[in-house]
Structures are given as C-alpha cells and as structure tokens.
Amino acid sequence: MRQSFSKILIDSFGVPEEDIKDAAQHKLNKGGSIGDILVMKKSITEKQLLVAYTFLYDLPIWAKLPPVSFGPEFTQKIPIQFLKQYRMVPIEKADSPEDSTGGRACVIAVNNPASLSPAEDLARLLEMEGCKLVLASRDSIASAINDWYDSANVNSAEQLVQDMEDDASGIMSEIEETADLLDDTSDAPIIKLVNHVISKAIKERASDIHMQPQHNSFKIRYRIDGILYDMLTPPKRVQPALISRIKIMAKLNIAEKRLPQDGRFEVRIGDQMVDLRVSTIPTSFGERIVMRLLSKSSSLLKLEDIGVPKDRLDSINRLIRNPNGIMLVTGPTGSGKTTTLYAVLTAINTPDINIITVEDPVEYQISGIGQIQVNSKIGLTFASGLRAILRQDPDVILIGEIRDQETAEIAIQSALTGHLVLSTLHTNDSAGTMTRLVDMGIEPFLISSSLLGIIAQRLVRVLCDECREPYVPDRSSLEGLGVDPDDFFSSGAVIYQQKGCHLCFNTGFRGRLGIYELMVLNDEIKSLIVKTSDANSIKKLAKKEGMVTLREDGIAKLLNGTTTIDEIIRVTHI
C-alpha cells in the first residue's frame, strides 16, 4: 500500500523520491502521516494529496461541503475535539435503507481516509450503518464542524443565560486562550456566553460588538453594515462577570473600573483569524465595552471591488502614479476611508517603490510595506512618526489621518519635496477639504500647489439579491432625492426596496459598497483656491468641470438596483 502511494506521488505529481524517504523518516521519529508531512514541507499541495487519495482509495472529492444535516442533539454525544483531531465531519444522512441490514446510510467527509477506525466510531455514535466516505480539504471540514456546533441549540445564547442563574462562582478565574474559540470546553456558562457572542458576531459579519450597561438592564448589540442591532439582553446581575471575562481575554486590569482601558486579543474560528480591539469606559451604570472586529484572514480589496465607477477609477489610477503631491480621502468615521487607502497602496505596491505608513491603528498587514503604529503614550504621534519616515528615503507616504496643523504642514512639505503623500481628513465633501486645511493654518497657495485630488466617500448598504423586490416610489421620495419624478417614470427605470430573509439577517441588506465624489484639481480650481476657501464656490466650479457628486453617484447605484432611496438620503444628508 505504501509503495503504491509513493508511486502515485512520483508518477502523477513528480514528488522526488528523496522527499518521500525524508517524510517516512519524519513519520518514524515524530509521527503523523506521510501525506501531511509532504504538504507541510510543500513537496505537494493539499489538493494534489486529495487527488492521490482518490487514486488510492477510489473516493470522490467534495470541493464544497453542504451544511451538516444531523440535528444538534448529536453535538452532545460527539466532542468537537474528536472531529477536529481526526479531521472528519458527518455531512448527510438518508432515511432509506442502504443494505439488507436495514441501517440508514450517511456520508462522512474526511481529510485522511486512512482514519477508518475513527470514522467507524463516528458512525456508531450517529447510530448509522454503511457510512460512505468522501474527501474534503482541512479548511472546509473545520468550517463545517464550527458551523454545526455554533448553530446547535445546546449553545444558544438564551440557554446559556439561563444556565448562569445558578453559576455565580468560579467565573473570575483566568483561563488560557485556546487555539479555536469553539474548542473551549469549559463548563462555566459565562465563558460559553462570551464565546457564543463573539462567534455569532463573526458569523453575522458584525464590525463591532457593544456591551451597554443601563439602569436595570444590560444590552449586547452588533453593528452590521454600519447599523446597530439589539442581539441579547442578559440579566443585569451577569454584567460584572461578563465584562470581567472580556477584560481577562484582553489582558486588562479587572480591578480598575474607574478609568478607560484599551486592549486586544485574537480568536480563531475554523480557518478564520479575527483580531478584536477592546475599549472600556466607566459609566454611571457600570463599565461599557466596545469590541472592534478585524478579520486577518480576509484579503485586501482592490479599487474596482469597492464600488469605484470606471471613469473615476481611471482618474484615480492616473493621480496615484504621480511622483509627488497629496491625495486625500475624506468622510466621517466608518465611511471606508482606510479601506480605500489600502486599495490604493495595493495598486501601486511594487518592489521598486519604498512605501512607509504611519497609522493608528495598523489594521491590516501589507507585504513589502513598512507600517508604523502611533503610540501617543511614548510620544510617537503622526507628526513625529512622519518626521522619522522622511529620513527613511520613502517614495510614498501614507498618513492615517491629518489631525492637526503640524501634521498637515509636514505632509505638504513632503509633497512639495518629491514624495507622494496619501492621507485622510474628516470633512463632509471634497470641497470642504480646502476650508478645513485653511482652518488648520495652511496657506491657500500651498494647498493649490501640493494637492492632486480629493476623494469624498460614504458607504451604502447593498440590497440582498435573494429577497429584494421592485417597487414604484412615490413622487415625494424622488423629489427628496433630487430626481425629477416625470423624467424617472418616463424612463422606465426599475428600483428596488428591501424585504428581509434568513440570508441577510432579516434586514434586507447584505454588505456595503462605496459611493464616491472625486475632485481633480485642475488649473481653474487651483486658481480659485488661492482666491477663496469657500466650499460652495469651489464645489460649483468642480461640478462645472465635470465632477460627479456623492448624491449623483448614489443615484446611479440606486438605478442599477444596488441600494435604496432611503440609504442614499441617509448617507448623503450633508
């Protein structure tokens, strides 16, 4: 059997015989399977290994696993560690007899078909006979396991809250973080509740978890697609224990309840790594906690993926390839400015360019780029970090945010001395940027000579494709948006509204997309900036020069069925 497996690897995938011998020796010394060792040493990919197993065992490969069809009652019989140790999960069951014994058939997905004995044990626990095996990747099996256990009734938040009624002791002890959030087998209901709240937030694509103490209640809320939703209201008496558990995980001082604290911790659910930034503040009714969730497994988005229209995309690509100047992204907190800047960096990141950033915080690691974390406690501010960056011979500088006159002055001087500077600013629209910079104390002639362009942006919620429904808007809604009702009805355009289904958390929306306003500073606009910083005058001239406003870009996304009238009005109400 071993020789035929080796022959498959050599003949089909060109694995050197020496690598197979080394893997066999590694197995002899430290255990494991030859296939896993070869994958670990990158002599073969996991996909190639699965194909080799199909030749050897005549088993099919399932590239995508369906949801587990076994009920949650089986999660009480089968430890999650057992399934993860042997990398297998039961997927499907059938009520029809498989053979003459009358047993019911089932399908078990495995990563290594050599684990026949554990698969038989699993079939016995499932009270099944004649189970068929299929092959699947590690990640898909881990995700299927986590989804099954996460959705099991035994872990429902309501049941966990009930369990806490009688559990008032032992919950303050520190417990070491486990490799996978769902692997924590502690019987303490408070720990189960915290794990459930975090895993549920990740599953529902929440960006923040809010824990808000009130006079006689305690609320847990999720921010999903920019909107806060009430998720759970545990009894007020569990508030101290739950907050203490979060503070322990974030390595904060649980005895200090009078001062704000900041911390962080990481969790892993299946193949997804998530970084949680924890902030606590004291309030009249107890400590309030907000956790920001940042997925470390998600890939960086490109400019074309975040909703930038083709015409503005071409203009942005021209601007960011200038050797010097300032490119600003503006908008309120949570409008996706950092994501846009990262997309710009991804577009220009090549080995021949030295890119250095100073950020607060560093949200995503980008290969080949030097990233500095601001730390005001030790005097490392945007301004001091920027001065240090200039001694590092950069070609491109990213400043997380221009907050004060000193940072703005250094940024402009950097742009004037041959650097491309990217940064963000808090203004309502692109024209308001000039007013803001002048208020900071920057001379208008410096602004006009250094600024290349300004992107103003907002995020609108995207309608769920599964449940959106067309409708005919009333005239007042169209007029409120700035659309002529007669022109709209005569055009035959179709727009949609939200409905809600299980896929979109019954909100009618799934995900967000940007709407953009791009002001390119041509000679006419630069001349006007030197004369006046009045935002209305600058905006009027920019529109005359062909600038598409935030509201106009929003209307375009409304007419192509991406979002709703209410969303456009909500985010462009300037």
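**Burial, cysteine pairing and sheet order in a predicted model**

Glu 204 is buried, its relative accessible area being 15%, a value that falls under the 20% limit applied to burial. In this predicted model, Glu 204 is placed in the loop that runs between α9 (189-203) and β4 (206-213). When its neighbours within four places in sequence are left aside, the residues in contact with Glu 204 are Ile 224 and Phe 505.

At the level of the whole protein chain, 22 helices and 18 strands are assigned, and 48% of the 574 residues count as buried. The accessible surface of the chain amounts to about 27,900 Å², with 49% of that area belonging to carbon and sulfur atoms. Of the contacts between residues at least 6 apart in sequence, 64% join residues that are at least 24 apart.

The structure holds one disulfide, which joins Cys 106 to Cys 131 with an S to S distance of 1.8 Å. The link between Cys 106 and Cys 131 is right-handed, with 95 degrees about the S-S bond. Cys 106 belongs to strand β2 (residues 104-110), whereas Cys 131 sits in the loop between α6 (116-125) and β3 (132-135), so the pair ties together parts that lie 25 residues apart in sequence. With respect to solvent accessibility, Cys 106 is buried at a relative accessible area of 1%, while Cys 131 is partly exposed at 23%.

Cys 464, by contrast, is in no disulfide, and the nearest cysteine sulfur, which belongs to Cys 501, is 3.8 Å away. Cys 464 is buried, with a relative accessible area of 2%. For Cys 467, the closest cysteine sulfur is likewise found in Cys 501, at 3.8 Å, which is too far for a bond, given that a disulfide requires sulfur atoms within 2.5 Å. Cys 467 also counts as buried, its relative accessibility being 8%.

Seven strands form an open sheet with mixed pairing, in the order β12-β11-β13-β14-β10-β15-β18. The edges of this sheet are occupied by β12 (370-373) and β18 (509-520), each of which pairs on one side only. From one strand to the next, the twist averages 20 degrees. Within the sheet order, β14 is followed by β10, and these two strands, β10 (residues 325-330) and β14 (residues 420-425), pair in the parallel sense over six bridges. In the pairing with β14, Ile 326 has Val 421 as its bridge partner.

Helix packing is illustrated by α19 (residues 523-531) and α20 (residues 535-544), whose axes come within 10 Å and cross at roughly 170 degrees. The crossing angle makes α19 roughly antiparallel to α20, because angles over 145 degrees are assigned to that class. On the side of α19, the contact is made by Glu 524, Ile 525, Leu 528 and Ile 529, and on the side of α20 by Ser 537, Ile 538, Leu 541 and Ala 542.

Methods. Residues are numbered from 1 along each chain as its sequence is written. This is a predicted model: local features need pLDDT of at least 70, side-chain atom pairs count only at pLDDT 80 or more; totals for chains, interfaces and linings use all residues. Side-chain values use heavy atoms; hydrogens and water are left out. Helices (H or I, at least four residues) and strands (E, at least two) are DSSP runs, numbered from the N terminus. Buried means under 20% relative accessible area, exposed over 50%, partly exposed in between (1.4 Å probe, protein chains only). Contact means heavy atoms within 4.5 Å. Accessible areas come from the Shrake-Rupley method with a 1.4 Å probe; for residues, only the protein chains shown count as cover. Two strands pair if DSSP finds at least two bridges between them. Axes are lines fitted to C-alpha atoms, for helices over the stretch in contact, and angles run from 0 to 180 degrees between N-to-C directions. Angles under 35 degrees count as roughly parallel, over 145 as roughly antiparallel, 65 to 115 as roughly perpendicular and the rest as oblique.
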